[in-house]
Amino acid sequence: MSLRVSFLVVRTASIGRLYSSTANHTRVTRGSKQPKEPSVLEAAPDKTLRKYLPAANVDDTPPLSPDELTRQREESLAEFEKCIPTERPGPKKYTQAYREIMNTVLGKYSRRQLTNFAKKEYKLSSVDAKMRKEKIAEIIFREQWNWESPEDIEREHIRWNTITTIELPIAPRDFFFVLGQDGRRLRDICTDNSVTVTTTQSPDSNSIVLTFEGAQGHIDAALSTIRQVALDIQENVLEFKKAPSLPSHLTTKISRLSGVLVKELSPGKFRLDFIKSHPDSLNIAKRLLARAVCERASHLLSYSYIPPPRRFGEVIASRRYSQYPFLTSQALPWISPPNKLFRVRRVSEWLATRTMEDIRDTGGLPGGNGQILTPALEEIRLRLALLSSIPQTTDNRITVHATSGHLVHVAANASESILPPLPGRWPITQYFKWQEDSGGQRLFVPSISRQVLKTDFSTERKLYQLEYRPSRSAADTMLTKSWKNIRLEIKLEEKTPQPSLSRASPPPPSGDLASVLSNLLDHYQQDPDHPRPQSRQLASSDPQISDTIEPEPHSSPESDIPALSQAQCTVGDEFALTLMSGDRPMDAQFNVSSTRDLPEQDWPQPLSNFYETLKKSMTGEISSFPTVPLSFEFDNTVYYLHSNYNIRQYVETISHFLGTATTERILEEDTQQKFGQTRVFCSDINSESEWIKFLHRCDWLMTDSSDEVSVPFIDIHSLGREAGLEVIDGHGPEKKVI
């Protein structure tokens with residue numbers, strides 16, 4: 001401080017002498033005002049003096065223009081950046097080069113200059129004017145020039161190369177979302193960050209402990225992703241009216257399929273936790289819950305078909321049946337429980353030529369010689385049971401169809417054992433008694449009939465189908481077995497292949513009636529060792545897992561028909577019963593519906609909006625696919641979504657007289673599960689001849705090998721009219737019709 005004061009004194013004295021000598025040469029005239037001698041502070045030109053004596057203001061230099069200021073700044077910045085070498089040195093010389101550059105910068109520039117460079121030129125917000133000069137230089141090196149300090153490089157090297165272990169307690173709800181659908185999210189987190197993780201249950205609490213092992217930097221990145229997932233969780237509540245309680249396996253499966261954590265708060269009321277950035281998963285979970293509620297409220301009614309004795313002296317009571325594990329190559333319905341499934345089949349007899357029913361001997365369903373028994377061992381008529389199950393009105397049309405599949409029994413426990421619920425070999429009546437006493441759960445699993453391997457398909461359609469049903473309580477289900485539904489069916493595409501020249505088709509009716517009947521019988525009773533040529537190639541020998549049907553090489557489809565102009569919305573009642581046949585390879589489910597078409601102006605508003613948006617989406621007016629409505633109210637009834645199907649449909653030609661069957665390969669949009677089924681239809685249930693034809697088609701549907709196809713029912717009156725003959729008496733002996 002003494003040195004600075006002496007310097008100021010010397011400078012002040014010299015300045016005083018300078019101004020005093022100048023004053024001696026100044027002439028002062030009489031009467032004129034003597035100019036005031038400037039003070040030392042005002043005349044001091046030294047910048048150092050002005051710094052310590054703020055009153056000094058003698059800088060008469062004119063201010064610089066903006067262009068000159070900009071040029072000086074650019075020159076100063078360019079001079080500053082020359083300190084950085086053009087080439088970055090290697091790892092061995094990096095530390096030495098960094099120290100040399102740092103020493104050069106610190107020696108040439110002050111803290112104020114470095115601060116100006118950082119804040120005004122480089123816009124570095126992390127720089128503070130109160131920082132040390134060395135710290136400011138480090139920030140400029142790191143953030144602007146990408147030169148890390150040797151100490152930081154060493155710390156990062158240790159952080160990313162030293163293996164460590166970190167434990168993270170996490171709540172079960174958060175763990176569900178961190179795990180992701182089928183564990184994919186947690187797997188991706190570990191794969192992307194090169195860490196391994198193990199999970200354990202915390203002994204002191206209900207939390208789950210995730211133990212990460214890997215480099216510290218990788219673990220920090222993984223934990224950051226997990227925290228972001230936990231912050232993205234939101235909650236939603238969904239409630240259904242008159243809904244039964246769902247079993248835990250259904251809520252667990254819905255959570256797994258949709259990626260939304262579902263918890264039942266009370267019967268029909270659910271809490272749904274979902275990821276905010278994935279709103280589609282919430283819509284899928286709601287639709288699956290609606291499907292589960294509707295399925296849970298329905299009641300599966302099953303009867304059993306007992307064929308007549310195959311030979312003289314055979315006693316039906318001597319037949320033995322057993323439960324076998326049910327194995328299928330296609331995915332089971334997602335609503336099926338995780339327990340083992342079993343189906344009832346007849347046990348083979350010693351030295352017996354066949355155990356399956358030969359419908360050429362028994363007459364099958366149209367022959368009327370067998371019995372259809374209820375679980376209470378009461379015999380019923382199938383057509384009367386279907387007609388009496390739904391309300392009939394003059395405005396509605398009655399439709400009946402049968403679907404191929406298997407009626408399976410669900411084991412009471414979820415063990416992996418293949419021991420059936422009822423071990424041993426028993427008469428069929430014993431199974432009825434066991435079924436009534438145990439109240440075990442049953443399930444119908446649709447599947448494609450193997451008979452489609454021997455048929456041509458005449459038409460291929462692509463359909464989109466939505467079905468809605470009201471939720472019902474258990475009391476409502478026991479009161480009435482039928483249910484209301486609204487179905488929207490949209491045709492997306494239709495193709496008609498050209499007729500196959502290799503198809504062995506029945507001869508057209510010509511000549512007298514006797515020759516016509518003889519030719520038809522010869523055609524349908526042809527040698528089974530020479531079957532008709534197959535007109536399709538399946539991707540697999542098992543029709544249940546085949547997803548591709550290719551037409552014959554010489555058949556070319558017609559041009560596609562635009563689809564969305566053809567949509568149909570129906571409303572009505574439906575009833576279903578399952579016919580189990582342990583003597584046949586497949587069972588069947590019979591559905592009867594009483595429906596009426598709704599004009600488009602009378603459609604429920606959500607369905608109408610969905611259809612209009614879908615048309616715009618298909619024509620390219622909008623890019624997004626419309627959201628499927630979850631529920632709506634129609635005629636004072638709330639309907640919930642039951643099925644959301646994308647269907648590829650093939651119309652199979654069975655024969656000239658038996659007509660056609662329909663094979664459907666279905667993709668369930670919400671679960672992305674595929675399954676198939678084959679259906680046959682009855683055009684008029686009140687017509688005796690049409691009902692007999694329908695039963696023949698059911699025999700075709702439920703049998704397997706080609707030598708078990710019965711002779712089709714022949715309408716002699718229709719055949720005579722086609723041949724130009726008059727049939728006076730075409731009635732044969734009366735038979736009991738099932």
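**Exercise 1. Strand 17 and its partners**

Starting from strand 7 (residues 302-306), which pairs with strand 17 in the parallel sense over three bridges, work out how strand 17 is paired with strand 14 and with strand 18.

*Solution.* This is a predicted model, in which local features need pLDDT of at least 70 and side-chain atom pairs count only at pLDDT 80 or more, while totals for chains, interfaces and linings use all residues. Residues are numbered from 1 along each chain as its sequence is written, and side-chain values use heavy atoms, with hydrogens and water left out.

Step 1: fix the terms. Helices (H or I, at least four residues) and strands (E, at least two) are DSSP runs numbered from the N terminus, and two strands pair if DSSP finds at least two bridges between them.

Step 2: take the parallel partner. In the pairing of strand 7 with strand 17, Ser302 stands opposite Thr578.

Step 3: turn to the antiparallel partners. Strand 14 (residues 483-495) runs antiparallel to strand 17 and is joined to it by eight bridges, with Ile486 having Val571 as its bridge partner. Strand 18 is also antiparallel to strand 17, over 10 bridges, and here Val571 stands opposite Arg596. A hairpin of six residues leads from strand 17 to strand 18.

Step 4: check the cover. Of the 14 residues in strand 17, 12 are buried, so that the strand is mostly covered; buried means under 20% relative accessible area, exposed over 50%, and partly exposed in between (1.4 Å probe, protein chains only).

**Exercise 2. Salt bridges and the segments they join**

For the charged pairs Arg291 with Glu668 and Asp699 with Arg584, find which parts of the chain each salt bridge ties together.

*Solution.* Step 1: state the criterion and the total. A salt bridge is a side-chain nitrogen of Lys or Arg within 4 Å of a carboxyl oxygen of Asp or Glu, and a search of the whole structure finds 27 of them.

Step 2: place the pair of Arg291 and Glu668, whose side chains meet at 2.6 Å, N to O. Because Arg291 lies in helix 13 (residues 279-297) and Glu668 in strand 21 (residues 659-668), the salt bridge ties together parts that are 377 residues apart in sequence. Arg291 is buried at a relative accessible area of 8%, and Glu668 is buried at 7%.

Step 3: place the pair of Asp699 and Arg584, whose salt bridge has an N to O distance of 2.9 Å. Asp699 belongs to helix 21 (residues 688-702), whereas Arg584 sits in the loop between strand 17 (567-580) and strand 18 (587-597), so this pair ties together parts 115 residues apart in sequence. Asp699 and Arg584 are both buried.

Step 4: look for shared partners. Glu467, Arg469, Arg487 and Glu574 are joined into one network by salt bridges that share partners.

Step 5: contrast a further pair. Asp273 and Arg271 form a salt bridge at 3.4 Å, N to O, in which Asp273 is buried with a relative accessible area of 0%, whereas Arg271 is partly exposed at 22%.

**Exercise 3. Surroundings of Gly676**

Which residues does Gly676 touch, once those up to four places away in sequence are not counted?

*Solution.* Step 1: locate the residue. Gly676 is in strand 22 and is buried, with a relative accessible area of 1%.

Step 2: list the neighbours, taking contact to mean heavy atoms within 4.5 Å. Gly676 touches Gln330, Pro446, Ser447, Ile448, Glu664 and Arg665.

Step 3: add a C-alpha distance. Gly676 and Ile666, which are 10 residues apart in sequence, lie 5.8 Å apart in space, C-alpha to C-alpha.

**Exercise 4. Positive phi and cysteines**

Find where Asn636 and Gln672 lie, and how many disulfides the structure holds.

*Solution.* Step 1: consider the backbone. Asn636, which is not a glycine, has a positive phi near 65 degrees; Asn636 lies in the loop between strand 19 (631-634) and strand 20 (637-655), and is exposed, with a relative accessible area of 74%. Gln672, likewise not a glycine, has a positive phi of about 60 degrees and is in the loop between strand 21 and strand 22 (673-682).

Step 2: consider the cysteines. With a disulfide taken as a pair of cysteine sulfur atoms within 2.5 Å, the structure holds zero disulfides. Cys190 is buried at 12% relative accessibility, and Cys569 is buried at 1%.
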